[in-house]
Amino acid sequence: LQAQAHECRNEPATTTDGHTIDVCANLGNTAHTPDAVDRGADGIGLLRTEFIFMEHPEAPDLDTQVKEYRHAFDALNGLPLVARTLDVGGDKPLDYWPLAHEDNPFLGLRGIRLSLTRPDILETQIRALLTASDNRPLRIMFPMVKDLEEFRAAKAIVERVRAEIPCQGLQVGVMIEVPSCALLAHTLAPEVDFFSVGTNDLTQYTLAIDRGHGQLSAQSDGLHPSVLQLIRMTVKAAHAHHRWVGVCGELASDPQAIPVLLGLDVDELSVTSRRVPLVKACIRGLSREHARGQAELALSKATAAEVRDTLEVL
Ligand code: PEP
Ligand code: MG
């Protein structure tokens with residue numbers, strides 16, 4: 001299967017009943033873009049931009065960032081780039097951005113909450129992204145958003161920059177990582193262009209299990225029916241407003257989860273580059289009708305273990 005998957009990597013991931021899913025790559029460094037394209041990725045579904053901020057002793061200036069993002073766009077040859085704005089704070093501090101001690105950093109100043117305390121840094125990043133895009137397909141998304149108020153505050157910065165640097169086809173979206181956003185997806189959907197489900201954090205916050213916890217992490221399973229319910233709510237709300245939904249957490253490359261996500265009508269999966277060919281091959285072997293049955297089955301269960309026992313292993 002591996003050899004065949006590699007051979008067909010540049011073919012679209014189309015199910016046996018003719019439904020195509022985009023399979024994109026998650027990158028933590030723009031230098032890896034050519035490799036992702038070579039492995040058949042339909043774009044970058046998650047650029048974790050933290051690396052640019054961590055590599056420098058101070059906040060990277062506009063030119064430094066433009067250069068980085070340009071690398072990615074140049075290698076993508078017109079394929080889309082979904083860039084996540086800076087997602088640090090709490091457990092991932094930056095030397096030049098001192099933060100007060102927090103007892104619960106995962107519930108503290110993280111992601112967009114932190115960025116909104118320094119709108120100048122967020123604005124520079126957005127300016128760099130729009131400049132580098134030069135009308136190539138750019139999608140910007142914000143991490144750790146909890147509700148519409150935070151999204152509006154962040155989007156206002158994008159609109160301000162966009163008034164100066166027009167960017168054709170720019171899409172602005174929200175990561176679904178906090179359960180409140182999935183529960184209220186119907187309030188966000190009219191104002192976003194897309195959602196991208198970060199199942200790593202969504203699982204952590206839904207099950208109240210630290211994602212890096214040595215003893216508990218085995219129980220932190222994105223196939224938990226509660227997480228699946230939240231994904232279903234997100235997709236239903238998005239599609240009611242003709243918005244697309246991606247999944248960019250680890251769950252998107254889990255062979256048992258792929259049919260379920262397909263059955264929940266997700267439009268895009270974004271996975272580690274080296275898994276792109278296999279995920280595409282896996283989708284080509286499925287029908288959407290069968291996948292919908294798998295999703296219904298999973299949603300009828302009470303625990304992640306029950307879900308895993310019931311679902312077939314591809
Ligand atoms: C996630 O939370 O699922 C995600 C994709 O973001 P990160 O793993 O970078 O927190
Ligand atoms: Mg996350």
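These legends walk through several close-up views of a predicted model.

Local features are described where pLDDT is at least 70 and side-chain atom pairs count only at pLDDT 80 or more, while totals for chains, interfaces and linings use all residues. Residues are numbered from 1 along each chain as its sequence is written, and chains are lettered from A and ligands numbered from 1 in the order in which they are written.

**View 1. The shell around ligand 1.** Let us begin with the residues that surround ligand 1: Leu 46, Arg 48, Asp 87, Glu 177, Gly 198, Thr 199, Asn 200, Asp 201, Cys 248 and Gly 249. A residue belongs here if its C-beta atom, placed from the backbone, lies within 6 Å of the molecule. Two elements, strand E3 (44–48) and helix H10 (199–207), each give two or more residues to this shell; H10 has the largest share, with three. Helices (H or I, at least four residues) and strands (E, at least two) are DSSP runs numbered from the N terminus. Sorted by class, the shell holds two nonpolar, four polar and four charged residues. In this scheme Ala, Val, Leu, Ile, Met, Phe, Trp, Tyr, Cys and Pro are nonpolar, Asp, Glu, Lys and Arg are charged, and the others, Gly among them, are polar.

**View 2. Glu 177, a buried member of the shell around ligand 1.** Glu 177 sits in the loop between strand E6 (171–176) and helix H8 (179–183). This residue counts as buried because 29 C-beta neighbours lie inside 10 Å; the cut-offs are 20 or more other C-beta atoms within 10 Å for buried, 12 or fewer for exposed, and partly exposed in between, with C-beta atoms placed from the backbone. Setting aside residues up to four places away in sequence, Glu 177 touches Pro 143, Met 144, Gly 198, Asp 201, Leu 202 and Tyr 205. Contact here means C-beta atoms, placed from the backbone, within 7 Å. Glu 164 is 13 residues from Glu 177 in sequence, yet their C-alpha atoms are 31 Å apart.

**View 3. Two loop residues with positive phi, Met 144 and Ala 208.** Met 144, one of the contacts of Glu 177, lies in the loop between E5 and helix H7 (148–164) and has a phi near 65°. Ala 208 is in the loop between H10 and H11, with phi near 55°. Most residues other than glycine have a negative phi. Their surroundings are worth a look too: Met 144 is buried, with 25 other C-beta atoms within 10 Å, whereas Ala 208 is exposed, with 8.

**View 4. The largest nonpolar core.** This core has 88 residues, and those with the most contacts inside it are Ile 44, Val 174 and Leu 261. Such a core is a set of buried Ala, Val, Leu, Ile, Met, Phe, Trp, Tyr and Cys residues joined through C-beta atoms within 7 Å. Helix H11 (residues 225–240) gives the most to it, seven residues. Beyond its neighbours within four places in sequence, Leu 261 is in contact with Val 247, Ala 252, Val 266 and Leu 269. Another core, of five residues, lies apart from the 88-residue one and includes Phe 53, Leu 86, Val 88 and Leu 114.

**View 5. Helix H14 and its buried face.** H14 (residues 288–299) has 12 residues and reaches 16 Å from its first C-alpha to its last, close to the 16 Å expected at 1.5 Å a residue; that expected span is 1.5 Å times one less than the number of residues. Its buried residues are Ala 291, Gln 294, Ala 295 and Ala 298. Down the axis of H14 these fall within an arc of 100°, so they line one face of the helix; the arc is that of the directions from the helix axis to the C-beta atoms. Glu 289 and Glu 296 are exposed on the other side. The cover over the buried residues of H14 includes H11, helix H12 (257–263) and helix H15 (304–310).

**View 6. Helix H13, mostly covered.** Eight of the nine residues of H13 (residues 276–284) are buried, among them Val 276, Leu 278, Lys 280 and Ile 283. What covers them includes helix H1 (2–7), strand E1 (13–14), strand E2 (20–27), H12 and strand E9 (268–272). In the loop between E9 and H13 comes Arg 274, which is exposed, with 12 other C-beta atoms within 10 Å.

Terms used: Two residues are in contact if their C-beta atoms, placed from the backbone, lie within 7 Å.
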